[in-house]
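Work through the exercises below with the sequence and the structure at hand. Each task is followed by a solution in steps.

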Amino acid sequence: MKNVLIIGSTGQIGTELTLELRKRYDGNIVAGYIPGAEPKGDLLESGPAEEADITDAKQIAEVVSKYKIDTIYNLAALLSAVAEVKPQLAWKVGMDGLFNVLEVARQYQCAVFTPSSIGVFGNNTPKDKTPQDTIRNPRTMYGVTKVGGELLSDYYHIRFGVDTRSVRFPGLISYIAPPGGGTTDYAVDIYYEAVRGNHFTCPIAAGTFMDMMYMPDALHAAIQLMEADPARLVHRNAFNVTAMSFDPEIIYHNIKRYIPSFTMEYKVDPLRQAIADSWPNSLDDSCAREEWDWSPVYDLDTMTQDMIAKLQGRIGK
Ligand code: AKB
């Protein structure tokens, strides 16, 4: 039996991860939320939900104690573009919040998963097939909090024995809850506009390659890493993982294979473009493959077919 708390359960990853964990495990899979982002529908009806604000250590400790939580998925974060607009809040959630979670985990002996990101890399990082162990010198607040989070999580493992694990997620593409505030969001928005029959204005320039992953693979990565044999883990915080790398032209032409009338133009957003330019073109995820058998299922074409079918069912056309 597993008792799990998901902090940020109503966000892009949390909405789907909470439901997936409830399918897989008996026990209390608690949907943690903040006021204004309460769970609804299936998420509310299929299991317990509790207010669990990452900035409130006491509140997190109360939920952990009440449900005898053994694993925390800490999904609270401001994504890269919005973190540049609100850097103080991004630090409060990303660093102070993580510190709260790790302290509660230390006291109640919980394992902790906190997603990291390709945002840990910066302009001096090797761009192609970026290695697992390499330069992490981001110049964004998002990246700073993700590098800090990786270091702090490793510290809690080494110093206090807290079972911390993490992956560096690329852009995540999904059709249930929207991402909101990321640099890679265009790769989600493009599907919505295509399925609605709309023209798409792309904020990222042609030729900008970034790693991406379909949500089912992302959920699989998080759960598989948390279930991995600790004796095999050389790394912990955080593993490079990827499923595909493309630029806006490639995804556009892939969607056009299934929706030939779809059209796109470019209106580059300088903030998002600068962030995208500082990130890798592609990651080397061989350590994840070797240490816990990571292997994605979806490539661009299978993801496109599934996204279009799922969105047609949800938003019509
Ligand atoms: C973002 O674009 O900020 C995120 C990420 C890659 O971490 N999707």
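The exercises concern a predicted model and deal with helix packing and with single residues in loops.

**Exercise 1.** Describe how helices α9 and α12 pack.

Solution. Begin with the geometry: α9 spans residues 248-258 and α12 spans residues 300-315, and their axes lie 10 Å apart at an angle of about 55°. An angle of about 55° is not under 35 degrees and does not reach the range of 65 to 115 that counts as roughly perpendicular. The two helices α9 and α12 are therefore oblique to each other. The crossing of α9 over α12 is right-handed. Next, list the residues that meet: α9 contributes Ile 250, Ile 251, Asn 254, Ile 255, Arg 257 and Tyr 258, while α12 contributes Leu 300, Asp 301, Thr 304, Gln 305 and Ile 308. Sorted by class, this contact of α9 with α12 holds 6 nonpolar, 3 polar and 2 charged residues.

**Exercise 2.** Do the same for helix α1 and α8: at what angle do they pack, and how far apart are their axes?

Solution. Helix α1 covers residues 12-24; its axis is 10 Å from that of α8, and the angle is about 60°. That angle makes α1 oblique to α8. As for handedness, α1 passes α8 in a right-handed crossing. From α1, the residues in the contact are Gln 12, Ile 13, Glu 16, Leu 17, Glu 20, Leu 21 and Arg 24, and they meet Met 215, Leu 219, His 220 and Ile 223 of α8. The classes in the contact of α1 with α8 are 6 nonpolar, 2 polar and 3 charged.

**Exercise 3.** Which residues of helix α3 are buried, and what covers them?

Solution. Within α3 (residues 57-66), the buried residues are Gln 59, Ile 60, Ala 61, Val 63 and Val 64. Their cover includes the strands β1 (4-7), β2 (29-33), β3 (49-51) and β4 (71-74), together with helix α5 (87-108). Just past the end of α3, Lys 68 has a positive phi of about 50°.

**Exercise 4.** Is Thr 130 buried or exposed, and which backbone oxygens lie by its side chain?

Solution. Locate Thr 130 in the loop between β6 (116-117) and α6 (141-160). Its relative accessible area is 0%, so Thr 130 is buried. A polar atom of the Thr 130 side chain is 2.6 Å from the backbone oxygen of Pro 126 and 3.5 Å from the backbone oxygen of Lys 127. Beyond four places in sequence, Thr 130 touches Phe 121, Thr 125, Asn 240, Pro 280, Ser 282, Leu 283 and Asp 284.

**Exercise 5.** Characterise the surroundings of Thr 242.

Solution. Thr 242 sits in the loop between β12 (239-240) and β13 (244-246). With 9% relative accessibility, which is under the 20% limit, Thr 242 is buried. Its side chain has a polar atom 3.4 Å from the backbone oxygen of Met 244. Residues touched by Thr 242 from farther than four places in sequence include Pro 170, Asp 211, Met 213, Leu 283, Arg 289 and Trp 294.

**Exercise 6.** How far is the C-alpha atom of Leu 233 from that of Glu 291?

Solution. Place Leu 233 in the loop between α8 (215-227) and β12. A relative accessible area of 11% makes Leu 233 buried. The C-alpha atoms of Leu 233 and Glu 291 are separated by 5.5 Å, although the two residues are 58 apart along the chain. Glu 291 is also one of the residues that Leu 233 touches, among them Arg 165, Leu 225, Phe 239 and Trp 292.

How values were computed: Residues are numbered from 1 along each chain as its sequence is written. This is a predicted model: local features need pLDDT of at least 70, side-chain atom pairs count only at pLDDT 80 or more; totals for chains, interfaces and linings use all residues. Side-chain values use heavy atoms; hydrogens and water are left out. Helices (H or I, at least four residues) and strands (E, at least two) are DSSP runs, numbered from the N terminus. Buried means under 20% relative accessible area, exposed over 50%, partly exposed in between (1.4 Å probe, protein chains only). A polar contact is a pair of N or O atoms within 3.5 Å; within protein, one must be able to donate a hydrogen and the other to accept it, and residues adjacent in sequence count only if both atoms are side-chain atoms. Contact means heavy atoms within 4.5 Å. Axes are lines fitted to C-alpha atoms, for helices over the stretch in contact, and angles run from 0 to 180 degrees between N-to-C directions. Angles under 35 degrees count as roughly parallel, over 145 as roughly antiparallel, 65 to 115 as roughly perpendicular and the rest as oblique. A crossing is left-handed if the near helix is turned anticlockwise from the far one by less than a right angle, and right-handed if clockwise. Ala, Val, Leu, Ile, Met, Phe, Trp, Tyr, Cys and Pro count as nonpolar, Asp, Glu, Lys and Arg as charged, and the others, Gly among them, as polar.
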